[in-house]
Number of protein chains: 2
Amino acid sequence: MAGTQDKKRANLRDVAKAAEVSVATVSRVLNAPDAVSPKTRERVEAAIRTLRFVPSAAARAINSGRTRFVGALVPTLDNAIFARFLAALEKTLGAHQLSLVVATTETAPGVEATKAKGLIDIGAEGLIVTGVSHSAEFYALIERTMLPTISTSYYDAGNQMPTIGYDNAAAAQIALTHLAELGHRRITVIHGNARSNDRTQARLSGLRALDLGLELSCFETEISLRGGSAVVEDIYADSPRPDAILCLSDVVALGVLFGLQGRGIAVPDDVSLMGIDDLPSSAVAVPALTTVHLPVTRMGERAAEALARWVAHQEVPGSERLPASLVKRDSTAKRVAR
Amino acid sequence: MAGTQDKKRANLRDVAKAAEVSVATVSRVLNAPDAVSPKTRERVEAAIRTLRFVPSAAARAINSGRTRFVGALVPTLDNAIFARFLAALEKTLGAHQLSLVVATTETAPGVEATKAKGLIDIGAEGLIVTGVSHSAEFYALIERTMLPTISTSYYDAGNQMPTIGYDNAAAAQIALTHLAELGHRRITVIHGNARSNDRTQARLSGLRALDLGLELSCFETEISLRGGSAVVEDIYADSPRPDAILCLSDVVALGVLFGLQGRGIAVPDDVSLMGIDDLPSSAVAVPALTTVHLPVTRMGERAAEALARWVAHQEVPGSERLPASLVKRDSTAKRVAR
DNA sequence: CAGGTTGATGTAACTAGTTACATGTGTCAA
DNA sequence: TTGACACATGTAACTAGTTACATCAACCTG
């Protein structure tokens, strides 16, 4: 049965003794089997099997200086956008023989530095973080350890660490412009907490910077289906009613869609609805959600590539801006006089 | 700037030399600061700062024998059910000072053993896997390395490794019984690929084992919103039409709901619809989906607890069965003669 | 003032691998 | 027969920490 050791784990020396060879030979059997004669190799392999020898990752790491894993800090796993990003990260890192340690920050400001410290303590060779605003402790930690760290989900060429992401302000503007072009004037914007979230902040200031003569009103809610569904009541408690609802993330938009359906409000006939993110659910919803596609899979791949090269060859990557684009589907329509 | 080393990383000896103390003293400053006199400590801390010394995780691990992380192998991150499970795992492991390395198996049979090997190679102290059917290579690997490993999502007391999960057959039966009690006779079952998925297999055999005089027909589709949405066409190409549709997972059920909405088929008036999982989206959908609650958050917590105790105190856990329960919502209703 | 205790620090031997270099053997050509 | 070379293997010194034990000074007690 697993977990029940006879004594303690066998090491290289034990194997060498059992096979009556030197430690170097055992090491060679492990790393360069061709350099060992077949009969010696067989003898060593037999000893490895009988002693249930498993090489120590720590001992290997101490010599190579490489632990072969990096860490990712994301706000949550409950939003599919991060799950998709991590899936792409994990896959691409795997191609570079790197594993991924996942840590969630739960949007609480203090925990990011703590979790980052934890990742460094266990030997992460690099870090992927979300956004560009972090605590002073976090920056001090990265500065002190000089750990390769890439910011994602936020493109900002002037940032002190490389950023691989999209222009959040521009993404929000794409959405708002689309709604304006459809003739909508009174637009309700639904967003998550902006204080703890620089992406939300950037999107909101993108909207404010755009002068299209629109009448914007903002509502804050939890970034979740439930949050989107619940905020509908607030929107319609308010008057006048909006021509269109713009959610700064797709989960919320889908929640709003459900909330509207529950009240018998038709999309897009009574109100246009759109999100930002382009989750798989958005394409399948009825009506299919118009949204702004954020290339999170691409972002995961690019961030993984860049970090892999950084930790392996000390090539510090530059920032990279990934394009966001309008995905016109069925939840937005031209405004008709009502 | 991070990543640009002057020479190479300073080590304990370098710090000791710079602070004119012994290596033991530096080690004490790191691990038991109170055992060092304030003025010596300060001198050492100054040296640590100027040399930008960061202790090597590998060297620490080689002594303690602990790497402080475990691995989790899940089929995918794209299904919220696994994302939620991992979130709970990560959180609870964190309370035990353990980090989580995530690897996805993409349901391909060969990759599980390969990824498990990778996790062991980098030093994972334990493993969390999904389901109880694994390749021979995988079992051989676990057997050989004696790595603490817990199976989840599938309760089976007779399994060779501890299982922490629910009774999949019983969960499916809860769903089918509910539909039967509502008077539905012709029931369409939607499931994912059963060959590569023992949970699906168990659920299907649970359904077959239940003799309620029902007329079951099965459709296989991809486990995703898209898969659920797409299969609706197949269901209604077939005649006769079903009284109820039972999806063996909630993502698929939500997809089917969208598919039905797209065809103008009313739930639950024209057809009852239910799923298994109880995702957050199911409670918010319109109509809210009747489903069978699977306690994945609880499962993550229990699995993390058990694995943490196993790796820290060699306490091999027993299997644990978590209860699945019916969540009656609005997508199922009594059958009326049509 | 001897003897015991406490506190701070150092020495060196551990942990478990990798690897540069040395050594020994066998084959082949001159 | 000897030198050259390849191939297999061993020795010991690395990697970077932790820690048992030794040492030494300062203080307190009888």
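The exercises below deal with a predicted model of protein chains and DNA strands, and each is followed by a worked solution.

Residues are numbered from 1 along each chain as its sequence is written, and chains are lettered from A and ligands numbered from 1 in the order in which they are written. Because the model is predicted, local features need pLDDT of at least 70 and side-chain atom pairs count only at pLDDT 80 or more, while totals for chains, interfaces and linings use all residues; side-chain values use heavy atoms, with hydrogens and water left out.

**Exercise 1. Describe the protein surface near DNA strand D.**

Step 1. Near means that a heavy atom of the residue lies within 4 Å of the strand. By this rule 27 residues surround DNA strand D, and the closest are Thr25(A), Arg28(A), Thr40(A), Arg13(B) and Ser27(B). Of the atoms of DNA strand D that come within 4 Å of the protein, 53% belong to sugar and phosphate.

Step 2. Sort the residues by type, taking Ala, Val, Leu, Ile, Met, Phe, Trp, Tyr, Cys and Pro as nonpolar, Asp, Glu, Lys and Arg as charged, and the others, Gly among them, as polar. The surface near DNA strand D then has 12 nonpolar, 10 polar and 5 charged residues.

Step 3. Assign the elements; helices (H or I, at least four residues) and strands (E, at least two) are DSSP runs, numbered from the N terminus. At least two residues each come from helix H2 (23-31) and helix H4 (57-64) of chain A, and from helix H1 (12-19), helix H2 (23-31) and helix H4 (57-64) of chain B. H2(A) gives the most, with 4 residues.

**Exercise 2. Which parts of DNA strand D do the side chains of Asn11(B), Asn31(B) and Asn63(B) contact?**

Step 1. A polar contact is a pair of N or O atoms within 3.5 Å; within protein, one must be able to donate a hydrogen and the other to accept it, and residues adjacent in sequence count only if both atoms are side-chain atoms.

Step 2. The side chain of Asn11(B) has an N or O atom 3.0 Å from a phosphate oxygen of DNA strand D. For Asn31(B), the distance to a phosphate oxygen of this strand is 2.9 Å.

Step 3. Asn63(B) contacts a base: a polar atom of its side chain is 2.7 Å from a base nitrogen of DNA strand D.

**Exercise 3. Describe the surroundings of DNA strand C and its polar contacts with Asn63(A), Thr25(B) and Asn63(B).**

Step 1. DNA strand C is surrounded by 26 residues, with Arg13(A), Ser27(A), Ser22(B), Arg28(B) and Thr40(B) the closest. Sugar and phosphate make up 54% of the atoms of DNA strand C within 4 Å of the protein.

Step 2. An N or O atom in the side chain of Asn63(A) is 2.7 Å from a base nitrogen of DNA strand C. Thr25(B) reaches a phosphate oxygen of this strand with its side chain, also at 2.7 Å. The side chain of Asn63(B) has a polar atom 3.2 Å from a base oxygen of DNA strand C.

Step 3. H2(B) gives the most to this surface, with 4 residues. By type, the surface near DNA strand C holds 11 nonpolar, 10 polar and 5 charged residues.

**Exercise 4. Is strand S2 (residues 99-104) of chain A buried or exposed, and which strands pair with S2(A)?**

Step 1. Buried means under 20% relative accessible area, exposed over 50%, and partly exposed in between (1.4 Å probe, protein chains only). In S2(A) 6 of the 6 residues are buried, so the strand is largely enclosed by the rest of the structure.

Step 2. In a regular strand the side chains alternate between the two faces of the sheet. Here Ser99(A), Val101(A) and Ala103(A) lie on one side and Leu100(A), Val102(A) and Thr104(A) on the other, and both faces are covered.

Step 3. Two strands pair if DSSP finds at least two bridges between them. Strand S1 (residues 69-74) of chain A pairs with S2(A) in the parallel sense over 6 bridges, and Val70(A) stands opposite Leu100(A).

Step 4. S2(A) also pairs with strand S2 (residues 99-104) of chain B, in the antiparallel sense over 3 bridges. Leu100(B) is the bridge partner of Val102(A).

**Exercise 5. Where does Asn197(A) lie, and is this residue buried or exposed?**

Step 1. Asn197(A) sits in the loop between strand S6 (186-191) and helix H9 (198-209) of chain A.

Step 2. The relative accessible area of Asn197(A) is 12%, so the residue is buried. Its side chain reaches the backbone nitrogen of Thr200(A) at 3.0 Å.
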